[in-house]
Each structure stands twice: as C-alpha cells, then as structure tokens.
Amino acid sequence: MFAISPVQSMLFEEKTIFVKRDDLLHPDFSGNKARKFYHFLSHDYDHITQLVASGSAQANSLYSMSVLAKQQGWQFDYYVSHISDFILKNPNGNYAAAIANGANIIDVSQLNQGHQYQQMHLDDVVQHIVASDYDNEKSLLHIPEGGRCEYAESGVGILATEIIDWVILHKIHALKIFLPSGTGTTTAYLNKQIMQQLVSKNIKGINIEVLTCSTVGGDDYLRQQFSQLVTPEYFPTIVNDGRKYHFGKLTQRCFDMWQTVCRSGIEFELLYDPVGFLVLKHYLQQYPQWDGDILYVHQGGVLGNQTMLPRYQRKFGHTE
Ligand SMILES: Cc1ncc(COP(=O)(O)O)c(C=O)c1O
C-alpha cells in the first residue's frame, strides 16, 4: 500500500545522522499517520458509516482522518476543546484542509454541556458524547486522540520491519532510533515491535534502542501513556534535556533549532521536531563517546507548518 520510506543522511551537531523519511510515505497520510491508520486503510470497514475522533483543531491527524473519512464515504465528527479566534478567522493548514474534506469540527465548549465538559479530559468527553448522542454503535468508528489505540500497532510494525531490514543491509551493529512523542503511541509500538521482531527472526548481535522525549506533559505523563498500550518491558527509553516543554508553545530555541535542521534540505515540522532535535542535541553532548548510528524518524506533519510558521514569524520575525 505504501512504498518503503527512504533513509537519508544529514549533518547534525557535527555528526552524520540518518533520517527515516516517513514524511514522504503519502501526501495525505504523512509520517506516523500512514503507520497508525494503516489498519483502517487495509481492512474492510464497509459496515462503518461514521467516524468520530478528537484532538486539536490543527492536528496532523485531523487532516489524515478527514481524507480517510472522505475516501470511505464516512461522515466525520471531530471534537476539539477549543478553536482559537485566529484560526476561525484565518482557516488554513490541517484545519482548513479537513473542513474542505467535509470534516465537521465541533467545539465542545460551545455545546450545551460545555461548562461540565471543561472539567473533563477531551477523550472522556467524547466517550460520553458517543455513548449518549450517537444511535448506531455498530456503524460508528471512534478513534481516540492521536490514534492512540491498538489498531496503530500493525502499521508501526511495518516501520519496525523496514528499520530492521535497513540495519541488516547496512551491517549496522549499534543503532539508536530517536523520535519525539506526543501520545507515545508510535514509540511504544515501535519499540515493542522491534524487540519482538528481533527475537522472532532470531537476529542476534544487533543492538537497537528506541529513544524518545516528551513534548506534552513531561516524562511521567508519557510513561502513563505507554502503560495504556504496552507492558513496561516494552517502554522506550525517555530522555530529556532538563527542560519542560509545553506543547505548541512558541519559543525562540525551538524556532532556531527548526531553522538549523531545515538547512539540511529536509523540511521538518514545527510542533514535535524542534523539541526532538533539542533533546537529541543534549543527548549527543552527554554521550560524546558513543559512536554507533542515530536514526531520526521524520514523522511527517509538515502541512501543519502552514499554520505554525506564520505564528512563529509573527512572534519572532522573519529571520531567514
Ligand atoms: C509530526 C509528528 N511527530 C510526532 C507525533 C507524536 O506521535 P505519537 O502521538 O504517536 O507519540 C505526531 C503526532 O501524531 C506528529 O504528527
């Protein structure tokens, strides 16, 4: 269904690192969306007529799900806890593209029970709404925020296979895979799949470690997210640079890092990748003696830059 994504090299902190270009997998299912939604794209879902999901109004997954719903002829209701005035007045990026695909984006704070919902986690709100407001459970597909569900594992398993095949082809003996986490779904399943596939294929003498960092809520929160998906033996290694990152907060450090890595010729995305590279930089500085290879997984999402870049430029100016 998707071709194998290419691996390219780039210079980062005076070291050659490899980048797994999952962003090139598909224009509509860029990066980890192709992996997470592979299950829905490759199975028969004829009995479904309606998709319900939730998350941020600018999420990369919003756009990919809107394409999925359009392709399958499903009605698509997407719940958000808030839509900024700016995006309402200037719709673009994932938000505008999803609406163009027919997504019905519902701000829960504007619903009758909005006040009550404000105290609840968005996933719980949507679960409540699904139970009370939708009639036909059998024809409804509910995907939790960020695609955080067991269906994501089969597609992420293909990413694991591609990486293992690449490692064997290039006779790599020690590899650290790095990718920033939101819900932790991609890293948790990637680590589990790599560990299981190395055993099931009886591959010995290759040392692969999956490293990740939190971009939302800190390390403990990320561990909590992992525990909803996999058992502790499969938790990836969480690294940090001693700073707490607030998801979506615009900082000069993040903007500078994004500009630095984009000079490689590869466009990275602006929500997760700057944090990923800042933490990776810190990690490499901490372990200068480590001479194995690094593979950074580009998880796509550059369509969201259409919204994020103007916000950065308004805040910090056009520095390039
Ligand atoms: C570009 C990008 N990087 C990283 C992530 C985090 O992925 P996850 O929620 O599986 O941890 C996302 C969200 O799906 C994303 O769009």
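Is Arg253 buried, partly exposed or exposed? In this predicted model, Arg253 has a relative accessible area of 30%. Buried residues fall under 20%, and exposed residues lie over 50%. Arg253 is therefore partly exposed.

The partner of Arg253 comes next. The side chains of Arg253 and Asp241 meet in a salt bridge, with 3.7 Å from N to O. This pair links distant parts of the chain, 12 residues apart. Asp241 sits in the loop between strand 9 (237–238) and helix 11 (252–262). Arg253 belongs to helix 11. Asp241 has a relative accessibility of 12%, so Asp241 counts as buried. The salt bridge thus has one buried residue, Asp241, and one partly exposed residue, Arg253.

The salt-bridge rule gives a count of 9. Among them is the pair of Arg148 and Asp123, whose closest N and O atoms are 2.8 Å apart. Here too, distant parts of the chain are linked, with the two positions 25 residues apart. Arg148 lies in the loop between strand 6 (140–143) and helix 8 (152–169). Asp123 lies in helix 7 (residues 122–133). Arg148 counts as buried because its relative accessibility is 15%. Asp123 counts as buried because its value is 9%.

Helix 8 also takes part in a salt bridge, through Glu153. The partner of Glu153 is Lys192, and their closest N and O atoms are 3.2 Å apart. Lys192 is in helix 9 (residues 185–200). The two residues are 39 residues apart and link distant parts of the chain. Both Glu153 and Lys192 are buried. Elsewhere, salt bridges form a network. Its members are Lys20, Asp22, Arg35 and Glu162.

The chain as a whole is divided into two domains. Domain 1 covers 7–34 and 150–316, whereas domain 2 covers 45–147. Their centres, taken over C-alpha atoms, are separated by 26 Å. Domain 1 gives 19 residues to the contact, and domain 2 gives 19 residues as well.

The interface of the two domains buries about 1400 Å². Carbon and sulfur atoms account for 55% of that area. What does the rule find across the interface in the way of salt bridges? The number is 0. Polar contacts are found there, in 5 residue pairs. On the side of domain 1 that touches domain 2, helix 13 (residues 305–316) supplies the largest share, with 4 residues. By class, this side of domain 1 has 7 nonpolar, 7 polar and 5 charged residues.

One loop residue of the chain, Gln299, was examined individually. Gln299 lies in the loop between strand 10 (293–298) and helix 13. Is Gln299 buried or exposed? Its relative accessibility is 11%, so Gln299 counts as buried. The side chain of Gln299 makes a polar contact with the side chain of Asn32, at 3.0 Å. Asn32 also appears in the list of residues in contact with Gln299, which leaves aside neighbours within four places in sequence. Ser30 and Gly31 are in that list too. The other residues in it are Leu179, Pro180 and Thr186.

Notes:
Residues are numbered from 1 along each chain as its sequence is written. This is a predicted model: local features need pLDDT of at least 70, side-chain atom pairs count only at pLDDT 80 or more; totals for chains, interfaces and linings use all residues. Side-chain values use heavy atoms; hydrogens and water are left out. Domain bounds come from an automatic or database domain assignment. Contact means heavy atoms within 4.5 Å. Buried area is the accessible area (1.4 Å probe) that two parts lose on being put together, summed over both. A salt bridge is a side-chain nitrogen of Lys or Arg within 4 Å of a carboxyl oxygen of Asp or Glu. A polar contact is a pair of N or O atoms within 3.5 Å; within protein, one must be able to donate a hydrogen and the other to accept it, and residues adjacent in sequence count only if both atoms are side-chain atoms. Ala, Val, Leu, Ile, Met, Phe, Trp, Tyr, Cys and Pro count as nonpolar, Asp, Glu, Lys and Arg as charged, and the others, Gly among them, as polar. Buried means under 20% relative accessible area, exposed over 50%, partly exposed in between (1.4 Å probe, protein chains only).
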